[in-house]
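The following exercises are to be solved with the sequence and the structure at hand. Each task is followed by a solution in steps.

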Amino acid sequence: MQKIAVVGAGIIGLSTTLKLNQNGHNVELFSKDNPTETNSSYAGAIWDGTFKEGVYREWSEVSLLQYIHDAKSKDSGVTLKELLQVYRTEVPEPWFKNIVPMFQVISEKDKPYGTKEAHYYSVPHINPKKYLEFLFEKVSKANTIVYRELENLDELIEDFDIVINCSGLGARELVKDPTMYPVFGQLLLSDSINIEHSYMDDEDFTYYFSHEDHVVFGGVALKGKEFSKDQENISAEITQKVQKILPQFNESKISKIQTGVRPGRKSVRFETEFFENTTIIHNYGHEGLGYTYAWGCASSVVEKLK
Ligand SMILES: Cc1cc2nc3c(=O)[nH]c(=O)nc-3n(C[C@H](O)[C@H](O)[C@H](O)COP(=O)(O)OP(=O)(O)OC[C@H]3O[C@@H](n4cnc5c(N)ncnc54)[C@H](O)[C@@H]3O)c2cc1C
(Lines give C-alpha, C1' and ligand atoms only; values in the text may rest on other atoms or scores of the structure.)
Protein backbone atom coordinates (compact mmCIF):
# COMPACT_ATOMS: atom_id res chain seq x y z
CA MET A 1 0.00 0.00 0.00
CA GLN A 2 1.42 3.40 -0.98
CA LYS A 3 1.86 5.95 1.80
CA ILE A 4 0.24 9.27 0.89
CA ALA A 5 0.57 12.66 2.57
CA VAL A 6 -1.71 15.60 1.77
CA VAL A 7 -0.52 19.04 2.85
CA GLY A 8 -3.37 21.51 3.50
CA ALA A 9 -6.80 21.41 5.09
CA GLY A 10 -8.47 24.19 3.10
CA ILE A 11 -11.08 23.40 0.43
CA ILE A 12 -8.37 21.99 -1.89
CA GLY A 13 -6.76 19.68 0.68
CA LEU A 14 -10.08 18.41 2.07
CA SER A 15 -11.67 17.73 -1.31
CA THR A 16 -8.50 16.00 -2.51
CA THR A 17 -8.36 13.82 0.62
CA LEU A 18 -12.01 12.79 0.28
CA LYS A 19 -11.63 11.89 -3.40
CA LEU A 20 -8.60 9.78 -2.49
CA ASN A 21 -10.63 8.06 0.24
CA GLN A 22 -13.41 7.29 -2.27
CA ASN A 23 -10.78 5.59 -4.39
CA GLY A 24 -9.43 3.40 -1.62
CA HIS A 25 -6.53 5.53 -0.32
CA ASN A 26 -6.15 6.72 3.25
CA VAL A 27 -3.78 9.60 3.89
CA GLU A 28 -1.92 11.54 6.53
CA LEU A 29 -3.16 15.12 6.33
CA PHE A 30 -0.71 17.83 7.42
CA SER A 31 -1.92 21.33 8.17
CA LYS A 32 -0.71 24.23 10.23
CA ASP A 33 -4.30 25.46 10.60
CA ASN A 34 -7.66 24.10 11.58
CA PRO A 35 -9.92 23.89 8.48
CA THR A 36 -12.19 26.63 9.85
CA GLU A 37 -9.19 28.94 10.24
CA THR A 38 -7.80 28.48 6.73
CA ASN A 39 -8.21 31.15 4.07
CA SER A 40 -10.91 28.94 2.57
CA SER A 41 -13.16 29.67 5.52
CA TYR A 42 -13.25 33.40 4.68
CA ALA A 43 -14.47 33.03 1.10
CA GLY A 44 -17.73 34.32 -0.45
CA ALA A 45 -18.53 31.75 -1.86
CA ILE A 46 -20.35 30.54 -4.91
CA TRP A 47 -19.54 28.24 -7.78
CA ASP A 48 -18.58 30.50 -10.70
CA GLY A 49 -18.19 28.68 -14.00
CA THR A 50 -18.37 31.71 -16.30
CA PHE A 51 -15.87 31.94 -19.18
CA LYS A 52 -14.00 28.75 -18.32
CA GLU A 53 -12.21 26.87 -21.08
CA GLY A 54 -10.18 23.67 -21.36
CA VAL A 55 -9.19 21.95 -18.14
CA TYR A 56 -10.65 24.83 -16.07
CA ARG A 57 -14.06 24.06 -17.55
CA GLU A 58 -13.63 20.36 -16.85
CA TRP A 59 -12.68 21.08 -13.23
CA SER A 60 -15.59 23.49 -12.85
CA GLU A 61 -18.08 20.97 -14.19
CA VAL A 62 -16.95 18.20 -11.82
CA SER A 63 -17.24 20.63 -8.88
CA LEU A 64 -20.67 21.84 -9.98
CA LEU A 65 -22.05 18.29 -9.97
CA GLN A 66 -20.51 17.64 -6.55
CA TYR A 67 -22.09 20.79 -5.05
CA ILE A 68 -25.49 19.96 -6.57
CA HIS A 69 -25.14 16.59 -4.87
CA ASP A 70 -23.99 18.08 -1.54
CA ALA A 71 -26.86 20.57 -1.54
CA LYS A 72 -29.12 17.58 -0.82
CA SER A 73 -27.53 17.23 2.65
CA LYS A 74 -28.98 19.78 5.00
CA ASP A 75 -25.80 19.87 7.12
CA SER A 76 -23.46 20.67 4.23
CA GLY A 77 -23.89 24.44 4.10
CA VAL A 78 -24.38 24.18 0.33
CA THR A 79 -27.63 25.57 -1.05
CA LEU A 80 -28.88 26.12 -4.58
CA LYS A 81 -30.02 29.71 -4.84
CA GLU A 82 -30.95 32.05 -7.65
CA LEU A 83 -28.32 34.39 -9.00
CA LEU A 84 -28.72 37.36 -11.32
CA GLN A 85 -25.45 37.67 -13.24
CA VAL A 86 -25.05 40.83 -15.29
CA TYR A 87 -22.59 41.75 -18.04
CA ARG A 88 -21.52 45.08 -19.55
CA THR A 89 -20.70 43.51 -22.93
CA GLU A 90 -22.52 40.98 -25.05
CA VAL A 91 -21.69 37.44 -24.00
CA PRO A 92 -22.71 34.04 -25.36
CA GLU A 93 -24.92 31.78 -23.31
CA PRO A 94 -22.69 29.88 -20.89
CA TRP A 95 -21.59 26.27 -21.37
CA PHE A 96 -23.34 25.24 -18.14
CA LYS A 97 -26.80 26.50 -19.06
CA ASN A 98 -28.20 22.97 -19.30
CA ILE A 99 -26.56 21.78 -16.08
CA VAL A 100 -27.59 24.48 -13.58
CA PRO A 101 -31.28 24.54 -12.67
CA MET A 102 -33.60 27.23 -14.11
CA PHE A 103 -31.21 28.96 -16.50
CA GLN A 104 -32.79 31.88 -18.35
CA VAL A 105 -31.64 34.87 -20.36
CA ILE A 106 -33.21 38.08 -19.05
CA SER A 107 -35.17 39.93 -21.72
CA GLU A 108 -34.17 43.39 -22.97
CA LYS A 109 -36.85 45.18 -20.98
CA ASP A 110 -35.99 43.45 -17.68
CA LYS A 111 -32.21 43.91 -17.79
CA PRO A 112 -30.81 46.13 -15.02
CA TYR A 113 -29.84 49.64 -16.17
CA GLY A 114 -26.44 49.84 -17.91
CA THR A 115 -26.06 46.13 -18.57
CA LYS A 116 -25.84 44.48 -21.99
CA GLU A 117 -26.71 40.96 -20.94
CA ALA A 118 -28.15 39.31 -17.86
CA HIS A 119 -28.59 35.66 -16.91
CA TYR A 120 -30.65 34.25 -14.09
CA TYR A 121 -30.07 30.76 -12.73
CA SER A 122 -29.81 28.63 -9.67
CA VAL A 123 -26.23 28.06 -8.56
CA PRO A 124 -24.44 26.44 -5.57
CA HIS A 125 -23.81 28.86 -2.71
CA ILE A 126 -21.26 27.47 -0.29
CA ASN A 127 -21.29 28.62 3.32
CA PRO A 128 -17.54 28.09 3.76
CA LYS A 129 -17.15 27.38 7.47
CA LYS A 130 -20.12 25.03 7.52
CA TYR A 131 -18.98 23.22 4.38
CA LEU A 132 -15.40 22.85 5.65
CA GLU A 133 -16.74 21.41 8.91
CA PHE A 134 -19.00 19.04 6.93
CA LEU A 135 -16.04 17.81 4.87
CA PHE A 136 -13.64 17.66 7.80
CA GLU A 137 -15.97 15.45 9.79
CA LYS A 138 -15.72 12.86 7.00
CA VAL A 139 -11.98 13.42 6.54
CA SER A 140 -11.18 12.92 10.22
CA LYS A 141 -13.01 9.56 10.28
CA ALA A 142 -10.78 7.93 7.68
CA ASN A 143 -7.40 9.68 7.85
CA THR A 144 -4.67 10.70 10.28
CA ILE A 145 -4.59 14.44 10.94
CA VAL A 146 -1.29 16.06 11.88
CA TYR A 147 -1.33 19.72 12.91
CA ARG A 148 2.16 20.85 12.09
CA GLU A 149 3.81 23.63 10.14
CA LEU A 150 6.20 22.19 7.57
CA GLU A 151 9.24 24.18 6.59
CA ASN A 152 9.94 22.12 3.53
CA LEU A 153 8.38 19.18 1.65
CA ASP A 154 11.67 17.33 2.21
CA GLU A 155 10.36 16.62 5.71
CA LEU A 156 7.88 14.18 4.12
CA ILE A 157 10.01 12.67 1.38
CA GLU A 158 11.54 9.88 3.43
CA ASP A 159 8.27 8.68 4.91
CA PHE A 160 5.85 8.95 1.99
CA ASP A 161 5.59 7.55 -1.53
CA ILE A 162 3.25 10.33 -2.64
CA VAL A 163 2.94 13.90 -1.35
CA ILE A 164 0.08 16.10 -2.53
CA ASN A 165 0.76 19.76 -2.02
CA CYS A 166 -2.49 21.69 -1.38
CA SER A 167 -0.88 24.45 0.67
CA GLY A 168 -2.48 27.45 -1.05
CA LEU A 169 -0.53 30.65 -0.47
CA GLY A 170 1.73 28.66 1.89
CA ALA A 171 3.39 27.20 -1.23
CA ARG A 172 5.22 30.51 -1.58
CA GLU A 173 7.42 29.47 1.36
CA LEU A 174 6.93 25.71 1.41
CA VAL A 175 8.18 25.07 -2.14
CA LYS A 176 9.63 28.55 -2.66
CA ASP A 177 7.31 29.40 -5.53
CA PRO A 178 8.10 33.04 -6.35
CA THR A 179 5.11 33.27 -8.71
CA MET A 180 2.63 33.03 -5.83
CA TYR A 181 1.11 36.28 -4.59
CA PRO A 182 -1.60 37.20 -2.08
CA VAL A 183 -4.88 38.79 -3.15
CA PHE A 184 -6.60 40.49 -0.24
CA GLY A 185 -10.39 40.25 -0.01
CA GLN A 186 -13.00 41.78 2.26
CA LEU A 187 -16.66 40.96 2.75
CA LEU A 188 -19.51 42.60 4.65
CA LEU A 189 -21.85 40.14 6.31
CA SER A 190 -25.46 40.90 7.18
CA ASP A 191 -27.93 38.79 9.11
CA SER A 192 -30.70 41.39 8.99
CA ILE A 193 -31.42 41.93 5.30
CA ASN A 194 -33.79 40.05 3.03
CA ILE A 195 -32.92 39.76 -0.64
CA GLU A 196 -34.81 38.09 -3.46
CA HIS A 197 -31.78 36.63 -5.19
CA SER A 198 -27.98 36.84 -5.28
CA TYR A 199 -26.26 39.22 -7.67
CA MET A 200 -22.93 39.38 -9.47
CA ASP A 201 -21.38 42.02 -11.71
CA ASP A 202 -17.83 40.95 -12.54
CA GLU A 203 -16.99 44.20 -14.27
CA ASP A 204 -16.97 46.38 -11.16
CA PHE A 205 -16.73 43.36 -8.84
CA THR A 206 -20.02 44.00 -7.04
CA TYR A 207 -21.74 40.98 -5.64
CA TYR A 208 -23.95 39.65 -2.90
CA PHE A 209 -24.63 36.03 -2.11
CA SER A 210 -27.43 34.80 0.07
CA HIS A 211 -26.44 31.95 2.38
CA GLU A 212 -28.80 30.12 4.72
CA ASP A 213 -28.76 32.64 7.57
CA HIS A 214 -26.78 35.59 6.26
CA VAL A 215 -25.87 37.52 3.13
CA VAL A 216 -22.29 38.41 2.09
CA PHE A 217 -21.55 41.62 0.19
CA GLY A 218 -18.41 42.29 -1.80
CA GLY A 219 -16.03 42.72 -3.15
CA VAL A 220 -12.46 43.71 -3.41
CA ALA A 221 -9.33 42.00 -4.75
CA LEU A 222 -6.07 43.75 -3.85
CA LYS A 223 -3.31 41.97 -5.72
CA GLY A 224 -0.02 41.69 -3.81
CA LYS A 225 -1.62 42.55 -0.46
CA GLU A 226 -2.05 40.20 2.46
CA PHE A 227 -3.47 42.83 4.81
CA SER A 228 -5.05 46.22 4.44
CA LYS A 229 -5.05 49.01 6.99
CA ASP A 230 -7.79 50.61 4.96
CA GLN A 231 -10.64 48.31 5.92
CA GLU A 232 -12.98 51.15 6.86
CA ASN A 233 -12.66 52.78 3.44
CA ILE A 234 -13.02 49.42 1.71
CA SER A 235 -16.27 48.79 3.63
CA ALA A 236 -17.56 52.22 2.60
CA GLU A 237 -16.67 51.50 -1.05
CA ILE A 238 -18.43 48.14 -1.03
CA THR A 239 -21.48 49.70 0.64
CA GLN A 240 -21.66 52.40 -2.03
CA LYS A 241 -21.34 49.90 -4.89
CA VAL A 242 -24.03 47.64 -3.42
CA GLN A 243 -26.43 50.52 -2.69
CA LYS A 244 -26.65 51.28 -6.42
CA ILE A 245 -28.26 47.86 -6.89
CA LEU A 246 -29.86 47.38 -3.50
CA PRO A 247 -30.87 50.79 -2.04
CA GLN A 248 -32.07 49.24 1.24
CA PHE A 249 -28.49 48.21 2.09
CA ASN A 250 -26.60 50.54 4.43
CA GLU A 251 -24.03 50.42 7.25
CA SER A 252 -26.64 49.63 9.89
CA LYS A 253 -27.26 46.31 8.14
CA ILE A 254 -23.64 45.12 8.52
CA SER A 255 -23.20 42.59 11.30
CA LYS A 256 -19.59 41.63 10.60
CA ILE A 257 -16.62 42.58 8.44
CA GLN A 258 -14.58 39.64 7.27
CA THR A 259 -11.24 39.55 5.48
CA GLY A 260 -9.44 36.75 3.66
CA VAL A 261 -6.54 36.17 1.30
CA ARG A 262 -6.74 34.38 -2.04
CA PRO A 263 -3.76 32.23 -3.10
CA GLY A 264 -2.87 34.14 -6.26
CA ARG A 265 -1.02 32.66 -9.21
CA LYS A 266 -1.18 33.29 -12.96
CA SER A 267 -2.48 29.76 -13.38
CA VAL A 268 -3.17 26.88 -11.01
CA ARG A 269 -0.07 24.79 -10.41
CA PHE A 270 -1.29 21.31 -11.14
CA GLU A 271 1.75 19.23 -11.94
CA THR A 272 3.82 16.26 -10.90
CA GLU A 273 7.44 16.25 -9.78
CA PHE A 274 9.61 13.33 -8.81
CA PHE A 275 12.02 13.54 -5.93
CA GLU A 276 14.10 10.45 -5.19
CA ASN A 277 11.41 7.74 -4.75
CA THR A 278 8.60 10.15 -3.95
CA THR A 279 6.00 11.55 -6.34
CA ILE A 280 4.89 15.08 -5.55
CA ILE A 281 1.64 16.38 -7.01
CA HIS A 282 1.22 20.14 -6.73
CA ASN A 283 -2.37 21.37 -6.48
CA TYR A 284 -2.31 25.02 -5.45
CA GLY A 285 -2.68 28.60 -6.65
CA HIS A 286 -6.45 28.64 -7.30
CA GLU A 287 -6.67 32.36 -6.56
CA GLY A 288 -10.34 33.50 -6.46
CA LEU A 289 -11.82 30.23 -7.71
CA GLY A 290 -10.73 27.50 -5.32
CA TYR A 291 -14.28 26.38 -4.58
CA THR A 292 -15.11 26.33 -8.29
CA TYR A 293 -12.16 24.10 -9.19
CA ALA A 294 -11.69 22.05 -5.99
CA TRP A 295 -13.55 18.85 -6.83
CA GLY A 296 -12.31 18.77 -10.41
CA CYS A 297 -8.70 19.13 -9.27
CA ALA A 298 -9.29 16.45 -6.63
CA SER A 299 -10.56 14.05 -9.32
CA SER A 300 -7.54 14.85 -11.49
CA VAL A 301 -5.23 13.96 -8.58
CA VAL A 302 -6.92 10.55 -8.37
CA GLU A 303 -6.53 10.10 -12.14
CA LYS A 304 -2.80 10.84 -11.86
CA LEU A 305 -2.42 8.06 -9.30
CA LYS A 306 -4.10 5.40 -11.47
C1 LIG B 1 -13.17 37.15 -0.02
C2 LIG B 1 -13.02 35.89 -0.84
C3 LIG B 1 -14.07 35.44 -1.63
C4 LIG B 1 -13.94 34.28 -2.38
N5 LIG B 1 -15.00 33.85 -3.12
C6 LIG B 1 -14.89 32.73 -3.86
C7 LIG B 1 -15.99 32.28 -4.63
O8 LIG B 1 -17.08 32.88 -4.63
N9 LIG B 1 -15.85 31.13 -5.37
C10 LIG B 1 -14.66 30.43 -5.39
O11 LIG B 1 -14.58 29.43 -6.10
N12 LIG B 1 -13.60 30.84 -4.65
C13 LIG B 1 -13.68 31.97 -3.90
N14 LIG B 1 -12.60 32.41 -3.18
C15 LIG B 1 -11.29 31.75 -3.36
C16 LIG B 1 -11.12 30.54 -2.49
O17 LIG B 1 -11.49 30.85 -1.16
C18 LIG B 1 -9.65 30.07 -2.55
O19 LIG B 1 -9.27 29.84 -3.88
C20 LIG B 1 -9.49 28.77 -1.76
O21 LIG B 1 -9.94 28.96 -0.45
C22 LIG B 1 -8.05 28.26 -1.76
O23 LIG B 1 -8.05 27.10 -0.99
P24 LIG B 1 -6.73 26.32 -0.57
O25 LIG B 1 -7.17 25.08 0.10
O26 LIG B 1 -5.82 26.23 -1.74
O27 LIG B 1 -5.98 27.32 0.43
P28 LIG B 1 -6.18 27.59 2.00
O29 LIG B 1 -7.58 27.62 2.39
O30 LIG B 1 -5.34 28.79 2.29
O31 LIG B 1 -5.52 26.31 2.69
C32 LIG B 1 -4.13 26.10 2.70
C33 LIG B 1 -3.83 24.98 3.67
O34 LIG B 1 -2.43 24.69 3.63
C35 LIG B 1 -1.91 24.71 4.96
N36 LIG B 1 -0.52 25.11 4.89
C37 LIG B 1 0.03 26.13 4.21
N38 LIG B 1 1.35 26.17 4.40
C39 LIG B 1 1.64 25.13 5.24
C40 LIG B 1 2.86 24.65 5.83
N41 LIG B 1 4.03 25.23 5.61
N42 LIG B 1 2.80 23.56 6.63
C43 LIG B 1 1.60 22.95 6.90
N44 LIG B 1 0.43 23.38 6.38
C45 LIG B 1 0.46 24.45 5.55
C46 LIG B 1 -2.79 25.70 5.70
O47 LIG B 1 -2.70 25.53 7.10
C48 LIG B 1 -4.15 25.32 5.14
O49 LIG B 1 -4.63 24.18 5.81
C50 LIG B 1 -12.71 33.56 -2.37
C51 LIG B 1 -11.67 33.98 -1.54
C52 LIG B 1 -11.82 35.13 -0.79
C53 LIG B 1 -10.69 35.57 0.11
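Two residues are in contact if their C-beta atoms, placed from the backbone, lie within 7 Å. The model is a predicted one, in which local features need pLDDT of at least 70 and side-chain atom pairs count only at pLDDT 80 or more, while totals for chains, interfaces and linings use all residues. Residues are numbered from 1 along each chain as its sequence is written.

**Exercise 1. The nonpolar core**

Task: Identify the residues with the most contacts inside the largest nonpolar core, and list what isoleucine 164 touches.

Solution.
Step 1. A nonpolar core is a set of buried Ala, Val, Leu, Ile, Met, Phe, Trp, Tyr and Cys residues joined through C-beta atoms within 7 Å. A residue is buried if 20 or more other C-beta atoms lie within 10 Å of its own, exposed if 12 or fewer, and partly exposed in between, with C-beta atoms placed from the backbone.
Step 2. The largest such core holds 74 residues, and Ala5, Val163, Ile164 and Phe217 have the most contacts inside it. Helix 7 contributes the most to this core, namely 7 residues. Helices (H or I, at least four residues) and strands (E, at least two) are DSSP runs, numbered from the N terminus.
Step 3. With residues up to four places away in sequence left out, isoleucine 164 touches Ile4, Val6, Val7, Thr16, Ile281, Asn283 and Val301.

**Exercise 2. The shell around the ligand**

Task: Describe the residues that surround the ligand, then examine glycine 290.

Solution.
Step 1. A residue is near a molecule or strand if its C-beta atom, placed from the backbone, lies within 6 Å of it. The ligand is surrounded by 42 residues, of which Gly10, Gly168, Gly170, Gly185 and Gly290 are the closest. Two or more residues of the shell come from each of helix 1 (11-22), strand 2 (27-31), strand 8 (181-190), strand 13 (256-264) and helix 7 (290-305). Strand 13 supplies the largest share, 4 residues.
Step 2. Glycine 290 belongs to helix 7. It counts as buried because it has 26 C-beta neighbours inside 10 Å.
Step 3. Apart from neighbours within four places in sequence, glycine 290 is in contact with Ile11, Ile12 and Ser40.

**Exercise 3. Strand 2 and its partners**

Task: Determine which strands pair with strand 2 and in which sense.

Solution.
Step 1. Two strands pair if DSSP finds at least two bridges between them. Strand 1 (residues 4-7) runs parallel to strand 2 and is joined to it by 4 bridges; valine 7 has phenylalanine 30 as its bridge partner.
Step 2. Strand 6 (residues 144-147) also pairs with strand 2 in the parallel sense, over 4 bridges, and here glutamate 28 stands opposite threonine 144.
Step 3. Strand 2 is largely enclosed by the rest of the structure, because 4 of its 5 residues are buried.

**Exercise 4. Strand 10 between two hairpins**

Task: Establish how strand 10 is paired and whether its residues are buried or exposed.

Solution.
Step 1. Strand 9 (residues 198-201) and strand 10 (residues 206-210) run antiparallel, joined by 3 bridges, with tyrosine 199 opposite tyrosine 208. The two form a hairpin with 4 residues between them, and phenylalanine 205 in the turn has a positive phi of about 55 degrees.
Step 2. Strand 10 and strand 11 (residues 215-218) are antiparallel, with 4 bridges, and a hairpin joins them through 4 residues.
Step 3. In strand 10, 5 of 5 residues are buried: Thr206, Tyr208 and Ser210 on one side, Tyr207 and Phe209 on the other.
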